[in-house]
Amino acid sequence: MCFFCLIFVKYSTKQSFNIMLNHINQSVKHLKVLLLILSFYGHFAYSQTIINPNKVIFWGINALHTGINSYHYSKFKTNSPASFKIKGLDSKVPLRLTKEIAKTSDITFIATALVAGAFILSEIPKDKKLSQSIRMAENVWMTYNITETLKNNVKRMRPYAYQGVREKDDIRSFISGHSSLTANIAASLWMSNPKNKICPILATGLAVGTAALRVKAGKHFVSDVLSGIIVGFGVAFVHEKIIPIGGI
């Protein structure tokens, strides 16, 4: 009798623990949605000064959000969930991993960031370099947090995972981080209203190339990169509409 009682207690404890973990996971999801809302407040609240309460709110909330996303990612397993139905343009994607092309997309991704750095050094007036740099960094940070939140919650299988290949992030296909971040950088350059369009054109070309390479490499579906581009552009667009730079 005591033996069965111990089994019952052990099972009940394990079941209670699993229920508690499920509640915690749900709470984390709700917390991240709240952080996104608060982050938008801190990010887009009108202010022309670099250091102010709204900026502190934005930086603090985004740091917490990034920390939660990083913790969530560290708990990911390589076992993919039930597959999504592939249809439309997504059905044209090669369901295989090509690491050489994936590495090339990493290079174009870095090149986009370098173009943004060159733009700030060469095109932004000296008295606006710091504020413009912080503004672009905030856009990228905001885009990154939105991207990671979607990746961690949607858990879409990458194209290559349909062929049984397993890697650390094989269920983080939606949305494409390479696409969202490069699109955000390119959009930020255009919305600075520069007289010299060379850097924005280069950044746009690299962003489009990066998105295409991610699909070709088997890392993302077409809908992943298109959604990433929309998110990246959207963050830069909303920021510019609420707090316009008015040209440099």
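**An all-helix chain and the surroundings of helix α4**

The accessible surface of the chain comes to about 13,500 Å². Carbon and sulfur atoms contribute 70% of that area. The model is predicted. Its chain contains 248 residues, and 43% of them count as buried. Seven helices are present, with zero strands. Read along the sequence, the pattern is therefore simply α-α-α-α-α-α-α. Contacts between residues far apart in sequence were also counted. Among contacts with a separation of 6 or more, 80% link residues 24 or more positions apart.

Helix α4 was examined in detail. This helix covers residues 129–154, a run of 26 residues. From the first C-alpha of α4 to the last, the span is 37 Å. The expected value, at 1.5 Å a residue, is 38 Å, so the two figures are close.

Two other helices were compared with α4. The first comparison concerns helix α3, residues 99–123. The axes of α3 and α4 come within 10 Å and cross at roughly 160 degrees. Angles over 145 degrees count as roughly antiparallel. The two helices α3 and α4 are therefore roughly antiparallel to each other. Their crossing is right-handed. On the α3 side, the residues that meet α4 are A116, I120, L121 and S122. On the α4 side, they are K129, S133 and M136.

The second comparison concerns helix α5, residues 177–190. Here the axes of α4 and α5 come within 9 Å, and the crossing angle is roughly 155 degrees. Because this angle is also over the cut-off of 145, α4 is roughly antiparallel to α5. The crossing of α4 and α5 is right-handed. Helix α4 supplies M136, N139, V140, T143, Y144, T147 and K151 to this contact. Helix α5 supplies G177, S180, L181, N184, I185, S188 and L189. The spacing of such positions can be read against helix geometry. An α-helix has 3.6 residues a turn, so residues three or four places apart point the same way. M136 of α4 takes part in the contact with α5, and M136 also meets α3.

One residue of the α4–α5 contact was followed further. T143 sits in helix α4. The relative accessibility of T143 is 0%. Buried means under 20%, so T143 counts as buried. Leaving out residues up to four places away in sequence, T143 touches S180, L181 and N184, together with V231, G232 and V235. S180, L181 and N184 belong to α5. T143 and F233 are 90 residues apart along the chain. Their C-alpha atoms, however, are separated by 9.1 Å.

The loop between α4 and α5 holds two backbone features. Most residues other than glycine have a negative phi, and most peptide bonds are trans. The first feature is at K155, which follows α4. K155 is found in the loop between α4 and α5. Phi of K155 is near 55 degrees, a positive value in a residue other than glycine. The relative accessible area of K155 is 35%. This value falls between the 20% and 50% limits, so K155 is partly exposed. The second feature is a cis peptide bond that joins F174 and I175. Omega of this bond is about 0 degrees. I175 lies in the loop between α4 and α5.

Note on methods. Residues are numbered from 1 along each chain as its sequence is written. This is a predicted model: local features need pLDDT of at least 70, side-chain atom pairs count only at pLDDT 80 or more; totals for chains, interfaces and linings use all residues. Side-chain values use heavy atoms; hydrogens and water are left out. Helices (H or I, at least four residues) and strands (E, at least two) are DSSP runs, numbered from the N terminus. Buried means under 20% relative accessible area, exposed over 50%, partly exposed in between (1.4 Å probe, protein chains only). Contact means heavy atoms within 4.5 Å. Accessible areas come from the Shrake-Rupley method with a 1.4 Å probe; for residues, only the protein chains shown count as cover. Axes are lines fitted to C-alpha atoms, for helices over the stretch in contact, and angles run from 0 to 180 degrees between N-to-C directions. Angles under 35 degrees count as roughly parallel, over 145 as roughly antiparallel, 65 to 115 as roughly perpendicular and the rest as oblique. A crossing is left-handed if the near helix is turned anticlockwise from the far one by less than a right angle, and right-handed if clockwise.
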